[in-house]
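Please look through the sequence and the model below before reading on. The paragraphs that follow lead from strands to helices and then to charged side chains.

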Amino acid sequence: MSFKVINFSSQVTPKAVESSAKDWVSYGDNNDYFQYLIDRYNGSAVNNAIISSVSDQIFGEGLSATDSNRKPLDFAKMRTIFKAEDLRRVAGDLKLLGQAAFNIVWNKGRTEILKAKHIPMQNLRPEKATEGEIKAWYYSDNWTEFRKERYKPKRVEAFDGSRGEETQILVIKPYAAGYYYFSPVDYAGALKWAEIDEEIGTYHLTNIQNGFAPSMMVNFNNGLPSEDEQRVIERKVEQKLQGTGGKKFLLSFNDNSSTATTIESLPISEASEQYKFLSEEATKKILVGHKVTSPMLFGIKDSTGLGNNADEIKTASQLWDNTVIKPKQNILLDAINQVLAVNNIVLDTYFKTLQPIEFIDTEGLDAEETEKETGVEMCQNFSKEDEKNDTLVAAELIGLGEELSEEEWELIGDEDAEEYEALEQYKFVSSGTARPNSDSEQDANINGFMYKVRYAYEPLAVSSNSRAFCRKMVNARKLYRKEDIIAMGEKSVNAGWGKGGANTYSIWKYKGGGDCHHKWRRKTFKSVIKVDVKSPLAPTVSTSQADKEGYRVRNTKEVAMKPKDMTNRGFIKKR
């Protein structure tokens with residue numbers, strides 16, 4: 001009899017190994033540490049979820065620049081060099097493997113960079129350093145078979161910002177004390193626990209697939225037959241005992257009953273509790289290893305951590321973004337800007353965040369800083385001379401705004417005014433008395449139902465550098481009639497900006513003025529005052545039905561456009 005002891009991998013602390021027989025440096029036992037990390041990603045559900053989430057958050061909603069409007073040509077070139085899919089993959093490698101790489105492609109004259117494409121980091125190994133520099137990287141599709149001609153490593157020059165070979169490799173490698181050729185992953189301490197998580201899952205899956213333990217023992221105590229005879233007997237026993245239920249049994253051949261095979265179990269006290277403890281402990285340790293500030297950020301309920309209070313979730317989300325996501329975004333942005341600089345492109349780049357805008361604190365930030373934090377372009381600052389008029393006009397318009405009671409009105413549509421989508425299907429289950437609101441030409445009473453269209457000033461984001469008018473309007477968060485918005489066009493909001501130097505212009509079309517980043521967002525309501533909510537026949541409204549009933553609201557396209565997106569960015573003359 002033999003025993004097998006299973007040890008966890010020693011790959012958790014990898015080593016870079018130089019060999020006199022090779023021009024490149026291997027990484028980990030058998031040069032397969034990157035594959036070890038990939039296996040831990042594929043094997044542990046918790047590890048997989050966190051790494052995937054971090055990768056998505058690093059990329060966010062894509063690469064952008066605060067000065068994209070002022071430098072449209074440079075911005076367009078940047079988008080040509082760095083494709084979204086390449087950036088998404090590089091972000092994934094940076095988290096999963098601890099480092100990532102771009103394949104830099106020059107034009108034939110080596111005068112500018114054409115593309116920066118993702119290249120799998122697990123396929124790269126550094127050339128042995130000379131004079132303290134890594135001057136090239138070796139690429140192979142299969143490092144375990146690198147001796148075969150088809151997988152023979154190919155040398156590619158390292159990118160350092162200077163002209164060289166037509167294709168180069170730029171490796172994004174965060175600094176780590178004690179490491180030179182490679183950088184360790186930031187979750188190295190969680191890797192053993194990821195293995196435990198895998199082993200627990202594999203153990204239970206194997207048990208289920210194999211039908212747990214055998215259900216019976218069959219002893220033949222009349223001597224030891226030949227191997228061929230044993231196989232015949234085994235087949236017959238299977239036919240008789242196994243059946244469609246797939247029952248498992250143990251078969252033993254003995255000289256007599258006194259030498260019959262016996263089975264002794266090795267009981268584990270409270271085995272189910274031990275597996276539960278290991279599973280929960282592995283999850284906790286993996287979360288800690290990835291610097292997760294709250295399990296609730298990943299949908300894991302934990303009474304001992306943050307997550308039972310909305311403010312705590314917000315705090316945890318902000319901390320997670322600042323300590324985990326942004327540092328990796330900054331590393332990636334540094335590499336991007338290094339490539340752009342070769343083409344004489346200088347942009348204030350950032351990744352649009354996935355962080356909920358209500359979780360972001362923008363107090364004290366200027367427009368560009370706010371845009372970086374929120375991913376929403378802000379209204380640019382205007383002269384102080386306009387502040388007083390802006391404040392007065394905003395206050396007057398806000399005073400005309402109204403807040404519709406949820407008990408009296410049901411919101412059945414919320415879309416941009418240029419999107420001529422009517423009502424979606426809603427079932428009305430409340431009742432109440434309509435409050436005496438001011439009428440609007442866009443209100444309607446159709447078949448006993450009362451409809452209202454009101455407008456919100458959005459997006460709900462400003463900075464200390466935004467115009468006073470925009471700040472006041474956003475902070476008010478009210479709904480307005482079309483008539484009240486149009487009437488404000490008779491007030492002096494941005495003196496001299498109107499056509500021919502006029503002091504007034506259409507707020508209905510141009511909101512806060514030239515280069516404003518806000519728009520009017522249409523919201524459609526339907527009164528439920530005459531609906532019998534107890535009746536199963538309470539009416540629903542579809543888009544086609546609303547049109548048939550005659551409720552069609554149309555505005556000019558400028559109403560739902562941000563001035564910055566209009567011709568000349570909303571100014572009379574091109575700037």
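Two strands are said to pair if DSSP finds at least two bridges between them, and the elements themselves are DSSP runs, helices being H or I over at least four residues and strands being E over at least two, numbered from the N terminus. The model is a predicted one, in which local features need pLDDT of at least 70 and side-chain atom pairs count only at pLDDT 80 or more, whereas totals for chains, interfaces and linings use all residues. Residues are numbered from 1 along each chain as its sequence is written, and side-chain values use heavy atoms, with hydrogens and water left out.

A convenient place to begin is strand β4. Strand β4, residues 100-106, pairs with β9 in the antiparallel sense over six bridges. Within this pairing, Ile-104 of β4 is set opposite Gln-168 in β9, while Val-105 stands opposite Thr-167 of β9. β4 also pairs with strand β5 (residues 113-118), again in the antiparallel sense, here over five bridges, and in that pairing Val-105 stands opposite Lys-115 in β5. β4 and β5 form a hairpin with six residues between them, and in the turn Arg-110 has a positive phi of about 60 degrees.

How far these strands are enclosed can be read from accessibility, where buried means under 20% relative accessible area, exposed means over 50%, and partly exposed lies in between, as computed with a 1.4 Å probe on protein chains only. Seven of the seven residues of β4 are buried, so this strand is largely enclosed by the rest of the structure. In a regular strand the side chains alternate between the two faces of the sheet. In β4 both faces are covered, with Ala-100, Phe-102, Ile-104 and Trp-106 buried on one side and Ala-101, Asn-103 and Val-105 buried on the other. For its partner β9, residues 167-172, five of the six residues are buried, and so that strand too is largely enclosed by the rest of the structure.

Next come the helices. For these, axes are lines fitted to C-alpha atoms over the stretch in contact, and angles run from 0 to 180 degrees between N-to-C directions; angles under 35 degrees count as roughly parallel, over 145 as roughly antiparallel, 65 to 115 as roughly perpendicular and the rest as oblique. Helix α1 (residues 33-43) packs on α2 at an angle of about 105 degrees, with the two axes 5 Å apart, and α1 and α2 are therefore roughly perpendicular to each other. Their contact, meaning heavy atoms within 4.5 Å, is made by Arg-40, Tyr-41, Asn-42 and Gly-43 of α1 and by Ala-45, Asn-47, Asn-48, Ile-51 and Ser-52 of α2.

Helix α2 (residues 45-59) also packs against helix α4 (residues 84-96), at an angle of about 135 degrees and with the axes 8 Å apart, which makes α2 oblique to α4. On the α2 side, the residues that meet α4 are Ile-51, Val-54, Ser-55, Ile-58 and Phe-59, and their counterparts in α4 are Ala-84, Leu-87, Arg-88, Ala-91, Gly-92, Lys-95 and Leu-96.

The charged side chains add further links, counted as salt bridges when a side-chain nitrogen of Lys or Arg lies within 4 Å of a carboxyl oxygen of Asp or Glu. By this rule the count comes to 18 salt bridges. One of them joins Glu-131 and Lys-135 at 4.0 Å, N to O, where Glu-131 is exposed at a relative accessible area of 76% and Lys-135 is partly exposed at 36%.

Another salt bridge brings together Lys-328 and Asp-186 at 2.6 Å, N to O. Lys-328 lies in helix α8 (residues 310-342) and Asp-186 in the loop between β9 and α5 (191-209), so the pair ties together parts that are 142 residues apart in sequence. Lys-328 is buried at 13% relative accessibility, whereas Asp-186, at 27%, is partly exposed.

Glu-441 and Lys-482 likewise meet in a salt bridge, at 3.0 Å, N to O. Since Glu-441 lies in the loop between β13 (409-416) and β14 (444-446) and Lys-482 in helix α12 (residues 482-487), this pair ties together parts that are 41 residues apart in sequence. Glu-441 is exposed, with a relative accessible area of 56%, but Lys-482 is buried, at 15%. Elsewhere, salt bridges that share partners join Glu-85, Arg-88 and Arg-89 into one network.
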